[in-house]
There are 2 protein chains.
Amino acid sequence: MQPMPSHRQAIAADIRNQISTGQIKAGERLPSEARLASRYTVSTATLRSALAVLQGEGLVEKIHGKGNYVRYPLRRITYVGGVRGTKAEPPAESALRISVRTTNVQAHGQLIDLLRVPADTPLTEYFCLSHEGESPHSLARIYVPRDLSPTDVPDESPCFKCIEAQLAVLRPPLTEVRERVTTRPPTPEEAASLRISSALAVLAITRVAADNTGRVVEAGLSVLPGDRADAFFTTRHMTEEKGKSE
Amino acid sequence: MQPMPSHRQAIAADIRNQISTGQIKAGERLPSEARLASRYTVSTATLRSALAVLQGEGLVEKIHGKGNYVRYPLRRITYVGGVRGTKAEPPAESALRISVRTTNVQAHGQLIDLLRVPADTPLTEYFCLSHEGESPHSLARIYVPRDLSPTDVPDESPCFKCIEAQLAVLRPPLTEVRERVTTRPPTPEEAASLRISSALAVLAITRVAADNTGRVVEAGLSVLPGDRADAFFTTRHMTEEKGKSE
DNA sequence: GAGTGGTCTAGACCACGAG
DNA sequence: TCGTGGTCTAGACCACTCA
(Lines give C-alpha, C1' and ligand atoms only; values in the text may rest on other atoms or scores of the structure.)
Protein backbone atom coordinates (compact mmCIF):
# COMPACT_ATOMS: atom_id res chain seq x y z
CA MET A 1 0.00 0.00 0.00
CA GLN A 2 2.60 2.49 -1.05
CA PRO A 3 2.69 2.17 -4.80
CA MET A 4 2.92 5.73 -5.98
CA PRO A 5 5.63 5.66 -8.58
CA SER A 6 3.83 7.76 -11.13
CA HIS A 7 3.68 11.49 -11.28
CA ARG A 8 0.06 11.18 -12.27
CA GLN A 9 -0.96 9.49 -9.04
CA ALA A 10 1.25 11.67 -6.90
CA ILE A 11 -0.19 14.88 -8.32
CA ALA A 12 -3.72 13.55 -8.15
CA ALA A 13 -3.16 12.63 -4.51
CA ASP A 14 -1.80 16.09 -3.74
CA ILE A 15 -4.70 17.93 -5.30
CA ARG A 16 -7.15 15.48 -3.78
CA ASN A 17 -5.67 16.24 -0.43
CA GLN A 18 -5.96 19.99 -0.98
CA ILE A 19 -9.60 19.52 -1.78
CA SER A 20 -10.41 17.32 1.16
CA THR A 21 -8.62 19.59 3.61
CA GLY A 22 -10.49 22.58 2.28
CA GLN A 23 -7.47 24.39 0.91
CA ILE A 24 -9.43 24.46 -2.30
CA LYS A 25 -13.12 24.81 -1.72
CA ALA A 26 -16.10 23.47 -3.56
CA GLY A 27 -17.02 25.47 -6.61
CA GLU A 28 -13.62 27.06 -6.90
CA ARG A 29 -11.62 26.98 -10.06
CA LEU A 30 -8.26 25.30 -10.05
CA PRO A 31 -5.30 27.10 -11.55
CA SER A 32 -5.05 26.55 -15.26
CA GLU A 33 -3.52 23.34 -16.47
CA ALA A 34 -0.49 25.17 -17.81
CA ARG A 35 0.05 26.83 -14.44
CA LEU A 36 -0.37 23.58 -12.53
CA ALA A 37 1.94 21.80 -14.92
CA SER A 38 4.70 24.28 -14.30
CA ARG A 39 4.04 24.25 -10.56
CA TYR A 40 4.52 20.50 -10.45
CA THR A 41 7.21 20.68 -13.12
CA VAL A 42 5.56 18.16 -15.35
CA SER A 43 4.30 18.35 -18.87
CA THR A 44 0.74 19.36 -19.54
CA ALA A 45 -0.05 15.86 -20.71
CA THR A 46 0.98 14.40 -17.37
CA LEU A 47 -0.89 17.03 -15.45
CA ARG A 48 -3.99 16.39 -17.48
CA SER A 49 -3.81 12.71 -16.78
CA ALA A 50 -3.67 13.52 -13.08
CA LEU A 51 -6.79 15.64 -13.39
CA ALA A 52 -8.43 12.78 -15.25
CA VAL A 53 -8.01 10.66 -12.15
CA LEU A 54 -9.80 13.22 -10.02
CA GLN A 55 -12.44 13.63 -12.66
CA GLY A 56 -13.08 9.91 -12.58
CA GLU A 57 -13.55 10.19 -8.86
CA GLY A 58 -16.09 12.93 -9.37
CA LEU A 59 -14.00 15.47 -7.47
CA VAL A 60 -13.25 17.74 -10.38
CA GLU A 61 -15.34 18.94 -13.27
CA LYS A 62 -13.63 20.06 -16.43
CA ILE A 63 -15.29 22.78 -18.45
CA HIS A 64 -13.84 23.38 -21.87
CA GLY A 65 -12.71 26.95 -22.30
CA LYS A 66 -13.32 27.85 -18.67
CA GLY A 67 -11.26 25.72 -16.34
CA ASN A 68 -11.26 22.88 -13.88
CA TYR A 69 -13.67 23.24 -11.01
CA VAL A 70 -13.94 21.53 -7.66
CA ARG A 71 -17.27 19.81 -7.49
CA TYR A 72 -19.74 20.62 -4.80
CA PRO A 73 -20.21 17.75 -2.39
CA LEU A 74 -22.52 15.73 -4.49
CA ARG A 75 -26.01 15.06 -3.41
CA ARG A 76 -26.10 11.38 -3.98
CA ILE A 77 -28.74 9.80 -6.10
CA THR A 78 -30.22 6.65 -4.67
CA TYR A 79 -32.03 4.25 -6.88
CA VAL A 80 -34.31 2.15 -4.74
CA GLY A 81 -34.86 -1.30 -6.11
CA GLY A 82 -37.60 -3.75 -5.48
CA VAL A 83 -41.34 -3.59 -5.72
CA ARG A 84 -42.48 -0.01 -5.64
CA GLY A 85 -45.71 1.81 -6.00
CA THR A 86 -47.62 -0.52 -3.75
CA LYS A 87 -47.14 1.64 -0.75
CA ALA A 88 -46.65 5.31 -0.95
CA GLU A 89 -42.98 5.80 -1.56
CA PRO A 90 -41.19 7.69 1.12
CA PRO A 91 -40.36 10.45 -1.29
CA ALA A 92 -37.95 12.76 0.47
CA GLU A 93 -37.60 14.04 -3.05
CA SER A 94 -36.62 17.63 -3.03
CA ALA A 95 -36.91 19.57 -6.23
CA LEU A 96 -36.89 16.61 -8.54
CA ARG A 97 -38.29 17.53 -11.90
CA ILE A 98 -39.04 14.74 -14.31
CA SER A 99 -39.74 15.39 -17.93
CA VAL A 100 -41.38 12.56 -19.81
CA ARG A 101 -41.74 12.03 -23.50
CA THR A 102 -44.25 9.38 -24.47
CA THR A 103 -44.00 7.57 -27.76
CA ASN A 104 -45.41 4.43 -29.31
CA VAL A 105 -42.90 1.84 -30.38
CA GLN A 106 -42.79 -1.82 -31.23
CA ALA A 107 -40.94 -4.50 -29.35
CA HIS A 108 -37.48 -5.00 -30.74
CA GLY A 109 -34.07 -6.16 -29.68
CA GLN A 110 -33.67 -6.84 -26.01
CA LEU A 111 -37.18 -5.60 -25.25
CA ILE A 112 -38.53 -8.82 -26.72
CA ASP A 113 -36.62 -10.82 -24.14
CA LEU A 114 -37.22 -8.47 -21.27
CA LEU A 115 -40.96 -8.16 -21.70
CA ARG A 116 -41.37 -11.71 -23.04
CA VAL A 117 -43.49 -10.59 -25.94
CA PRO A 118 -43.33 -11.34 -29.66
CA ALA A 119 -41.41 -8.98 -31.90
CA ASP A 120 -43.29 -5.86 -32.93
CA THR A 121 -45.72 -6.04 -30.06
CA PRO A 122 -47.08 -2.53 -29.55
CA LEU A 123 -45.42 -0.83 -26.63
CA THR A 124 -45.52 2.56 -25.06
CA GLU A 125 -42.16 4.12 -24.33
CA TYR A 126 -41.76 6.66 -21.58
CA PHE A 127 -38.52 8.51 -22.00
CA CYS A 128 -37.75 10.17 -18.69
CA LEU A 129 -35.10 12.70 -17.89
CA SER A 130 -35.05 13.90 -14.32
CA HIS A 131 -33.32 16.97 -13.00
CA GLU A 132 -32.58 18.01 -9.49
CA GLY A 133 -32.30 21.75 -9.61
CA GLU A 134 -29.77 22.45 -12.31
CA SER A 135 -28.04 19.13 -12.53
CA PRO A 136 -29.28 16.21 -14.55
CA HIS A 137 -30.14 13.32 -12.38
CA SER A 138 -31.00 10.21 -14.31
CA LEU A 139 -32.18 8.93 -17.59
CA ALA A 140 -34.73 6.19 -18.01
CA ARG A 141 -36.65 4.50 -20.74
CA ILE A 142 -39.66 2.61 -19.51
CA TYR A 143 -41.58 0.25 -21.74
CA VAL A 144 -45.10 -0.92 -21.09
CA PRO A 145 -47.28 -3.13 -23.28
CA ARG A 146 -49.70 -0.87 -25.10
CA ASP A 147 -52.81 -2.52 -23.69
CA LEU A 148 -51.65 -1.68 -20.18
CA SER A 149 -50.81 1.92 -20.83
CA PRO A 150 -53.15 4.89 -20.59
CA THR A 151 -54.35 6.11 -23.93
CA ASP A 152 -55.06 9.69 -23.14
CA VAL A 153 -51.59 10.78 -22.19
CA PRO A 154 -50.44 13.99 -23.82
CA ASP A 155 -47.14 13.74 -25.59
CA GLU A 156 -45.51 15.95 -23.02
CA SER A 157 -46.81 15.08 -19.64
CA PRO A 158 -45.96 17.55 -16.93
CA CYS A 159 -46.16 14.98 -14.19
CA PHE A 160 -44.58 11.61 -13.97
CA LYS A 161 -46.56 10.68 -10.90
CA CYS A 162 -49.72 10.99 -12.95
CA ILE A 163 -48.48 8.39 -15.35
CA GLU A 164 -47.44 6.09 -12.55
CA ALA A 165 -50.86 6.45 -10.98
CA GLN A 166 -52.60 5.73 -14.25
CA LEU A 167 -50.47 2.67 -14.80
CA ALA A 168 -51.23 1.38 -11.36
CA VAL A 169 -54.98 1.20 -11.93
CA LEU A 170 -54.64 -0.58 -15.25
CA ARG A 171 -52.91 -3.66 -13.97
CA PRO A 172 -52.80 -6.05 -11.08
CA PRO A 173 -50.30 -5.28 -8.36
CA LEU A 174 -46.70 -6.14 -9.08
CA THR A 175 -45.41 -9.20 -7.31
CA GLU A 176 -41.92 -9.72 -8.65
CA VAL A 177 -39.25 -7.32 -9.72
CA ARG A 178 -35.95 -8.41 -11.19
CA GLU A 179 -33.18 -5.89 -11.50
CA ARG A 180 -29.76 -6.10 -13.04
CA VAL A 181 -27.10 -3.55 -12.31
CA THR A 182 -24.05 -3.03 -14.46
CA THR A 183 -21.52 -0.32 -15.08
CA ARG A 184 -20.13 0.85 -18.39
CA PRO A 185 -18.89 3.98 -20.12
CA PRO A 186 -21.70 6.28 -21.18
CA THR A 187 -22.71 6.61 -24.78
CA PRO A 188 -21.96 10.08 -26.15
CA GLU A 189 -25.68 10.90 -25.92
CA GLU A 190 -25.85 9.79 -22.30
CA ALA A 191 -22.76 11.77 -21.45
CA ALA A 192 -24.35 14.84 -22.97
CA SER A 193 -27.75 14.35 -21.33
CA LEU A 194 -26.30 13.72 -17.89
CA ARG A 195 -23.58 16.29 -18.43
CA ILE A 196 -20.82 13.97 -17.39
CA SER A 197 -17.57 13.27 -19.14
CA SER A 198 -17.25 10.15 -21.20
CA ALA A 199 -14.45 9.12 -18.84
CA LEU A 200 -16.94 8.61 -16.05
CA ALA A 201 -18.80 5.32 -15.82
CA VAL A 202 -22.55 5.12 -15.44
CA LEU A 203 -24.70 2.73 -13.49
CA ALA A 204 -27.08 1.01 -15.85
CA ILE A 205 -30.08 -0.69 -14.30
CA THR A 206 -32.46 -2.99 -16.08
CA ARG A 207 -35.69 -3.49 -14.24
CA VAL A 208 -38.38 -5.97 -15.13
CA ALA A 209 -41.62 -6.10 -13.20
CA ALA A 210 -44.21 -8.84 -13.34
CA ASP A 211 -47.72 -8.90 -11.98
CA ASN A 212 -49.30 -11.69 -9.99
CA THR A 213 -50.09 -13.69 -13.11
CA GLY A 214 -46.43 -13.76 -14.02
CA ARG A 215 -46.93 -11.44 -16.93
CA VAL A 216 -44.19 -8.92 -17.46
CA VAL A 217 -45.89 -5.57 -17.36
CA GLU A 218 -42.99 -3.19 -17.35
CA ALA A 219 -39.38 -3.00 -18.39
CA GLY A 220 -37.18 -0.09 -17.45
CA LEU A 221 -33.70 0.86 -18.57
CA SER A 222 -32.18 3.44 -16.26
CA VAL A 223 -28.86 5.19 -16.52
CA LEU A 224 -27.38 7.07 -13.59
CA PRO A 225 -24.16 9.03 -13.35
CA GLY A 226 -21.60 6.84 -11.63
CA ASP A 227 -20.01 9.55 -9.59
CA ARG A 228 -23.07 10.22 -7.49
CA ALA A 229 -25.48 7.37 -7.87
CA ASP A 230 -25.99 4.19 -6.00
CA ALA A 231 -28.64 1.54 -6.09
CA PHE A 232 -30.14 0.12 -2.96
CA PHE A 233 -31.89 -3.20 -2.56
CA THR A 234 -33.58 -4.76 0.40
CA THR A 235 -34.46 -8.40 0.41
CA ARG A 236 -36.45 -10.11 3.09
CA HIS A 237 -36.68 -13.77 3.54
CA MET A 238 -39.79 -15.07 5.18
CA THR A 239 -37.98 -18.18 6.42
CA GLU A 240 -40.34 -20.34 4.46
CA GLU A 241 -38.71 -23.65 5.08
CA LYS A 242 -38.60 -23.20 8.82
CA GLY A 243 -41.88 -21.44 9.28
CA LYS A 244 -40.66 -19.00 11.88
CA SER A 245 -43.13 -16.52 13.25
CA GLU A 246 -41.44 -13.37 11.95
CA MET B 1 -25.20 10.94 -33.94
CA GLN B 2 -22.18 11.60 -36.08
CA PRO B 3 -19.71 13.19 -33.70
CA MET B 4 -16.45 11.55 -34.66
CA PRO B 5 -13.97 14.35 -35.11
CA SER B 6 -11.18 12.74 -33.16
CA HIS B 7 -8.63 10.26 -34.35
CA ARG B 8 -9.07 8.45 -31.10
CA GLN B 9 -12.72 7.67 -31.68
CA ALA B 10 -12.24 6.93 -35.35
CA ILE B 11 -9.47 4.42 -34.69
CA ALA B 12 -11.39 2.88 -31.81
CA ALA B 13 -14.42 2.51 -34.05
CA ASP B 14 -12.34 0.89 -36.76
CA ILE B 15 -10.75 -1.65 -34.48
CA ARG B 16 -14.07 -2.26 -32.76
CA ASN B 17 -15.56 -3.01 -36.12
CA GLN B 18 -12.79 -5.42 -36.98
CA ILE B 19 -13.43 -7.26 -33.76
CA SER B 20 -17.18 -7.45 -34.15
CA THR B 21 -16.96 -8.63 -37.74
CA GLY B 22 -14.53 -11.32 -36.77
CA GLN B 23 -11.58 -9.98 -38.74
CA ILE B 24 -9.76 -10.13 -35.45
CA LYS B 25 -10.88 -13.04 -33.34
CA ALA B 26 -11.22 -13.47 -29.64
CA GLY B 27 -7.98 -14.26 -27.91
CA GLU B 28 -5.85 -12.93 -30.72
CA ARG B 29 -3.17 -10.39 -30.15
CA LEU B 30 -3.43 -7.07 -31.87
CA PRO B 31 -0.41 -5.73 -33.72
CA SER B 32 1.92 -3.85 -31.44
CA GLU B 33 1.04 -0.31 -30.57
CA ALA B 34 3.96 1.00 -32.58
CA ARG B 35 2.80 -0.95 -35.61
CA LEU B 36 -0.80 0.19 -35.26
CA ALA B 37 0.32 3.76 -34.77
CA SER B 38 2.25 3.74 -38.03
CA ARG B 39 -0.59 1.95 -39.81
CA TYR B 40 -3.03 4.65 -38.81
CA THR B 41 -0.33 7.31 -39.18
CA VAL B 42 -0.85 8.66 -35.69
CA SER B 43 1.45 8.97 -32.73
CA THR B 44 1.67 6.20 -30.20
CA ALA B 45 -0.04 8.40 -27.64
CA THR B 46 -3.07 8.82 -29.84
CA LEU B 47 -3.21 5.17 -30.66
CA ARG B 48 -2.97 4.27 -27.01
CA SER B 49 -5.87 6.54 -26.19
CA ALA B 50 -7.91 4.75 -28.85
CA LEU B 51 -7.10 1.42 -27.26
CA ALA B 52 -8.10 2.88 -23.91
CA VAL B 53 -11.59 3.41 -25.27
CA LEU B 54 -11.86 -0.22 -26.28
CA GLN B 55 -10.39 -1.27 -22.99
CA GLY B 56 -13.06 0.69 -21.18
CA GLU B 57 -15.63 -1.21 -23.18
CA GLY B 58 -14.05 -4.47 -22.16
CA LEU B 59 -13.21 -5.44 -25.73
CA VAL B 60 -9.46 -5.33 -25.35
CA GLU B 61 -7.17 -6.43 -22.59
CA LYS B 62 -3.75 -4.88 -22.30
CA ILE B 63 -0.98 -7.01 -20.90
CA HIS B 64 2.21 -5.22 -20.07
CA GLY B 65 5.16 -6.66 -21.90
CA LYS B 66 3.03 -8.97 -24.04
CA GLY B 67 0.53 -7.06 -26.10
CA ASN B 68 -3.09 -6.07 -26.54
CA TYR B 69 -5.49 -8.96 -26.75
CA VAL B 70 -9.03 -9.24 -27.96
CA ARG B 71 -11.10 -10.42 -25.07
CA TYR B 72 -13.00 -13.62 -25.27
CA PRO B 73 -16.70 -13.03 -25.29
CA LEU B 74 -16.83 -12.28 -21.67
CA ARG B 75 -18.07 -14.82 -19.31
CA ARG B 76 -20.06 -12.45 -17.24
CA ILE B 77 -19.80 -12.46 -13.51
CA THR B 78 -23.15 -12.30 -11.86
CA TYR B 79 -23.45 -11.20 -8.32
CA VAL B 80 -26.70 -12.52 -6.98
CA GLY B 81 -28.18 -10.34 -4.32
CA GLY B 82 -30.64 -11.14 -1.64
CA VAL B 83 -30.78 -13.73 1.05
CA ARG B 84 -28.45 -16.56 0.25
CA GLY B 85 -27.24 -19.66 1.89
CA THR B 86 -30.63 -20.73 3.09
CA LYS B 87 -31.19 -22.92 0.13
CA ALA B 88 -28.42 -24.56 -1.76
CA GLU B 89 -27.28 -21.99 -4.22
CA PRO B 90 -27.73 -22.97 -7.81
CA PRO B 91 -24.02 -22.97 -8.30
CA ALA B 92 -23.41 -23.40 -11.99
CA GLU B 93 -19.98 -22.40 -10.82
CA SER B 94 -17.38 -23.79 -13.09
CA ALA B 95 -13.83 -23.67 -11.90
CA LEU B 96 -14.28 -20.95 -9.36
CA ARG B 97 -11.42 -20.98 -6.90
CA ILE B 98 -11.73 -18.81 -3.84
CA SER B 99 -8.80 -18.09 -1.63
CA VAL B 100 -9.58 -16.76 1.79
CA ARG B 101 -7.38 -15.06 4.32
CA THR B 102 -8.82 -14.87 7.79
CA THR B 103 -7.73 -12.21 10.24
CA ASN B 104 -9.00 -10.71 13.43
CA VAL B 105 -9.74 -7.01 13.40
CA GLN B 106 -11.67 -4.48 15.39
CA ALA B 107 -14.65 -2.52 14.22
CA HIS B 108 -13.59 0.80 12.75
CA GLY B 109 -14.74 3.33 10.26
CA GLN B 110 -17.75 2.39 8.25
CA LEU B 111 -17.86 -1.09 9.77
CA ILE B 112 -19.23 0.46 12.93
CA ASP B 113 -22.21 1.79 11.04
CA LEU B 114 -22.68 -1.24 8.87
CA LEU B 115 -22.61 -3.82 11.62
CA ARG B 116 -24.18 -1.49 14.18
CA VAL B 117 -21.61 -2.32 16.80
CA PRO B 118 -19.48 -0.12 19.06
CA ALA B 119 -16.03 0.85 17.91
CA ASP B 120 -13.34 -1.77 18.45
CA THR B 121 -15.79 -4.63 18.67
CA PRO B 122 -13.87 -7.79 17.82
CA LEU B 123 -14.56 -8.92 14.30
CA THR B 124 -13.31 -11.59 12.00
CA GLU B 125 -12.35 -10.48 8.54
CA TYR B 126 -12.47 -12.86 5.61
CA PHE B 127 -10.51 -11.50 2.72
CA CYS B 128 -11.63 -13.37 -0.35
CA LEU B 129 -10.14 -13.36 -3.81
CA SER B 130 -11.85 -15.59 -6.31
CA HIS B 131 -10.49 -16.74 -9.62
CA GLU B 132 -12.17 -18.38 -12.52
CA GLY B 133 -9.50 -20.28 -14.28
CA GLU B 134 -6.78 -17.76 -14.92
CA SER B 135 -8.70 -14.57 -14.58
CA PRO B 136 -9.42 -12.84 -11.30
CA HIS B 137 -13.06 -12.73 -10.60
CA SER B 138 -13.92 -10.70 -7.58
CA LEU B 139 -12.61 -9.33 -4.37
CA ALA B 140 -14.51 -9.33 -1.12
CA ARG B 141 -13.97 -8.47 2.47
CA ILE B 142 -16.52 -10.01 4.78
CA TYR B 143 -16.80 -9.02 8.40
CA VAL B 144 -18.50 -11.08 11.05
CA PRO B 145 -18.76 -10.37 14.77
CA ARG B 146 -16.19 -12.53 16.51
CA ASP B 147 -18.71 -14.36 18.64
CA LEU B 148 -20.45 -15.62 15.52
CA SER B 149 -17.38 -16.78 13.70
CA PRO B 150 -15.75 -20.18 13.92
CA THR B 151 -12.66 -20.22 16.07
CA ASP B 152 -10.81 -23.10 14.57
CA VAL B 153 -10.29 -21.74 11.12
CA PRO B 154 -6.78 -22.01 9.79
CA ASP B 155 -5.31 -18.82 8.52
CA GLU B 156 -5.37 -20.08 4.98
CA SER B 157 -8.55 -22.00 4.42
CA PRO B 158 -8.68 -24.01 1.25
CA CYS B 159 -12.41 -23.88 1.00
CA PHE B 160 -14.73 -20.97 1.25
CA LYS B 161 -17.78 -23.16 1.32
CA CYS B 162 -16.51 -24.64 4.57
CA ILE B 163 -16.46 -21.25 6.17
CA GLU B 164 -19.90 -20.45 4.89
CA ALA B 165 -21.17 -23.71 6.28
CA GLN B 166 -19.58 -23.06 9.63
CA LEU B 167 -21.06 -19.61 9.77
CA ALA B 168 -24.49 -20.94 8.95
CA VAL B 169 -24.66 -23.17 11.99
CA LEU B 170 -23.50 -20.47 14.37
CA ARG B 171 -26.36 -18.11 13.81
CA PRO B 172 -30.07 -17.93 13.18
CA PRO B 173 -31.16 -17.82 9.56
CA LEU B 174 -30.80 -14.52 7.81
CA THR B 175 -34.02 -12.69 7.25
CA GLU B 176 -33.05 -9.39 5.76
CA VAL B 177 -30.30 -8.38 3.41
CA ARG B 178 -29.61 -4.84 2.37
CA GLU B 179 -27.30 -4.18 -0.53
CA ARG B 180 -25.95 -1.01 -2.00
CA VAL B 181 -24.36 -0.94 -5.42
CA THR B 182 -22.11 1.82 -6.62
CA THR B 183 -19.47 2.28 -9.27
CA ARG B 184 -16.13 3.99 -8.95
CA PRO B 185 -12.56 3.74 -10.21
CA PRO B 186 -10.59 0.95 -8.61
CA THR B 187 -7.92 1.65 -6.08
CA PRO B 188 -4.46 0.77 -7.35
CA GLU B 189 -4.54 -2.36 -5.20
CA GLU B 190 -7.89 -3.42 -6.59
CA ALA B 191 -6.74 -2.80 -10.12
CA ALA B 192 -3.73 -5.01 -9.50
CA SER B 193 -5.68 -7.79 -7.80
CA LEU B 194 -8.38 -7.93 -10.44
CA ARG B 195 -5.89 -7.29 -13.22
CA ILE B 196 -7.88 -4.49 -14.70
CA SER B 197 -6.68 -1.09 -15.70
CA SER B 198 -7.32 1.79 -13.40
CA ALA B 199 -9.32 3.33 -16.25
CA LEU B 200 -12.00 0.71 -15.82
CA ALA B 201 -14.69 1.23 -13.23
CA VAL B 202 -15.59 -1.42 -10.70
CA LEU B 203 -18.89 -2.36 -9.21
CA ALA B 204 -18.71 -2.00 -5.46
CA ILE B 205 -21.35 -3.78 -3.46
CA THR B 206 -21.96 -3.32 0.22
CA ARG B 207 -24.00 -6.10 1.71
CA VAL B 208 -25.43 -6.17 5.20
CA ALA B 209 -27.27 -9.20 6.48
CA ALA B 210 -29.40 -9.38 9.58
CA ASP B 211 -30.81 -12.38 11.36
CA ASN B 212 -34.36 -12.79 12.59
CA THR B 213 -33.64 -10.84 15.74
CA GLY B 214 -32.63 -7.85 13.70
CA ARG B 215 -29.01 -8.21 14.66
CA VAL B 216 -26.54 -7.50 11.91
CA VAL B 217 -24.49 -10.64 11.59
CA GLU B 218 -22.48 -9.97 8.49
CA ALA B 219 -21.18 -7.11 6.41
CA GLY B 220 -19.55 -7.67 3.06
CA LEU B 221 -17.68 -5.31 0.80
CA SER B 222 -17.36 -6.74 -2.69
CA VAL B 223 -15.55 -5.34 -5.67
CA LEU B 224 -16.16 -6.68 -9.15
CA PRO B 225 -14.58 -5.70 -12.45
CA GLY B 226 -17.00 -3.41 -14.22
CA ASP B 227 -16.39 -4.76 -17.69
CA ARG B 228 -17.81 -8.17 -16.99
CA ALA B 229 -19.79 -8.04 -13.79
CA ASP B 230 -23.37 -7.36 -13.07
CA ALA B 231 -25.44 -7.63 -10.00
CA PHE B 232 -28.82 -9.25 -10.04
CA PHE B 233 -31.62 -8.74 -7.57
CA THR B 234 -34.98 -10.34 -7.32
CA THR B 235 -37.64 -8.90 -5.11
CA ARG B 236 -40.96 -10.53 -4.44
CA HIS B 237 -43.84 -8.83 -2.90
CA MET B 238 -46.28 -11.04 -1.04
CA THR B 239 -49.11 -8.59 -1.64
CA GLU B 240 -49.57 -8.28 2.05
CA GLU B 241 -52.17 -5.56 2.01
CA LYS B 242 -54.40 -7.47 -0.36
CA GLY B 243 -53.77 -10.98 0.90
CA LYS B 244 -53.74 -12.60 -2.50
CA SER B 245 -53.26 -16.34 -2.70
CA GLU B 246 -49.97 -16.27 -4.65
C1' DG C 1 18.31 -9.18 -25.14
C1' DA C 2 14.46 -8.32 -28.13
C1' DG C 3 9.90 -6.78 -28.11
C1' DT C 4 6.20 -5.19 -25.75
C1' DG C 5 3.30 -1.81 -23.19
C1' DG C 6 3.65 2.32 -19.43
C1' DT C 7 5.04 6.88 -18.43
C1' DC C 8 6.51 11.15 -19.66
C1' DT C 9 8.25 15.41 -22.23
C1' DA C 10 8.02 19.79 -24.82
C1' DG C 11 6.09 21.40 -27.69
C1' DA C 12 2.02 22.52 -31.80
C1' DC C 13 -2.51 23.50 -33.21
C1' DC C 14 -7.59 23.49 -32.58
C1' DA C 15 -12.18 24.44 -30.13
C1' DC C 16 -14.66 26.68 -26.69
C1' DG C 17 -16.16 30.58 -23.35
C1' DA C 18 -16.31 35.22 -22.05
C1' DG C 19 -15.52 39.93 -22.41
C1' DT D 1 -9.21 38.65 -28.84
C1' DC D 2 -7.48 36.10 -25.03
C1' DG D 3 -7.18 32.40 -21.92
C1' DT D 4 -8.86 28.11 -21.29
C1' DG D 5 -9.09 23.05 -22.01
C1' DG D 6 -8.86 19.19 -26.05
C1' DT D 7 -6.19 16.75 -29.32
C1' DC D 8 -2.11 15.37 -31.17
C1' DT D 9 2.99 14.70 -32.38
C1' DA D 10 7.64 12.62 -32.24
C1' DG D 11 10.20 11.32 -29.74
C1' DA D 12 12.73 9.41 -24.82
C1' DC D 13 13.20 6.26 -21.17
C1' DC D 14 11.48 2.66 -17.97
C1' DA D 15 9.18 -1.92 -16.70
C1' DC D 16 7.61 -6.20 -17.94
C1' DT D 17 7.53 -10.86 -20.52
C1' DC D 18 9.66 -14.39 -22.75
C1' DA D 19 12.95 -17.03 -25.27
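Where in chain A is the place of A:Asp120? Let's work through that and a few related exercises on this predicted model. Residues are numbered from 1 along each chain as its sequence is written, while chains are lettered from A and ligands numbered from 1 in the order in which they are written. In this predicted model, local features need pLDDT of at least 70 and side-chain atom pairs count only at pLDDT 80 or more, whereas totals for chains, interfaces and linings use all residues.

**Exercise 1. Locate A:Asp120 and A:Thr41, and describe their backbone and exposure.**

Step 1: A:Asp120 sits in the loop between helix H4 (110-115) and strand S5 (122-132) of chain A. Helices (H or I, at least four residues) and strands (E, at least two) are DSSP runs, numbered from the N terminus.

Step 2: Its phi is near 70°, a positive value in a residue other than glycine. Most residues other than glycine have a negative phi.

Step 3: A:Asp120 is exposed, with 11 other C-beta atoms within 10 Å. The terms work like this: with C-beta atoms placed from the backbone, a residue is buried if 20 or more others lie within 10 Å of its own, exposed if 12 or fewer, and partly exposed in between.

Step 4: Turn to A:Thr41, in the loop between H2 and H3 of chain A. A:Thr41 is not a glycine, but has a positive phi of about 50°, and A:Thr41 is exposed, with 9 other C-beta atoms within 10 Å.

**Exercise 2. Describe how H1(A) and H3(A) pack.**

Step 1: Two packed helices are described by the angle between their axes and the distance between the axes. Here the axes of H1 (residues 7-20) and H3 of chain A come within 8 Å and cross at roughly 55°. Axes are lines fitted to C-alpha atoms, for helices over the stretch in contact, and angles run from 0 to 180 degrees between N-to-C directions.

Step 2: H1(A) and H3(A) are therefore oblique to each other. Angles under 35 degrees count as roughly parallel, over 145 as roughly antiparallel, 65 to 115 as roughly perpendicular and the rest as oblique.

Step 3: Residues in the contact include A:His7, A:Ile11 and A:Ile15 of H1(A) and A:Leu47, A:Ala50 and A:Leu54 of H3(A). Two residues are in contact if their C-beta atoms, placed from the backbone, lie within 7 Å.

**Exercise 3. Describe the protein surface near DNA strand D.**

Step 1: Of the 21 residues around DNA strand D, A:Ser32, B:His7, B:Ser43, B:Thr46 and B:Gly65 come nearest. A residue is near a strand if its C-beta atom, placed from the backbone, lies within 6 Å of it.

Step 2: H3(B) gives the largest share of this surface, three residues.

Step 3: By class, the surface has four nonpolar, 12 polar and five charged residues. Ala, Val, Leu, Ile, Met, Phe, Trp, Tyr, Cys and Pro count as nonpolar, Asp, Glu, Lys and Arg as charged, and the others, Gly among them, as polar.

**Exercise 4. Place B:Ser193 and list its contacts.**

Step 1: B:Ser193 belongs to helix H6 (residues 188-194) of chain B and is partly exposed, with 16 other C-beta atoms within 10 Å.

Step 2: Leaving out residues up to four places away in sequence, B:Ser193 touches B:Leu129, B:Pro136 and B:Leu139. B:Leu139 is 54 residues away along the chain, with the two C-alpha atoms separated by 7.9 Å.
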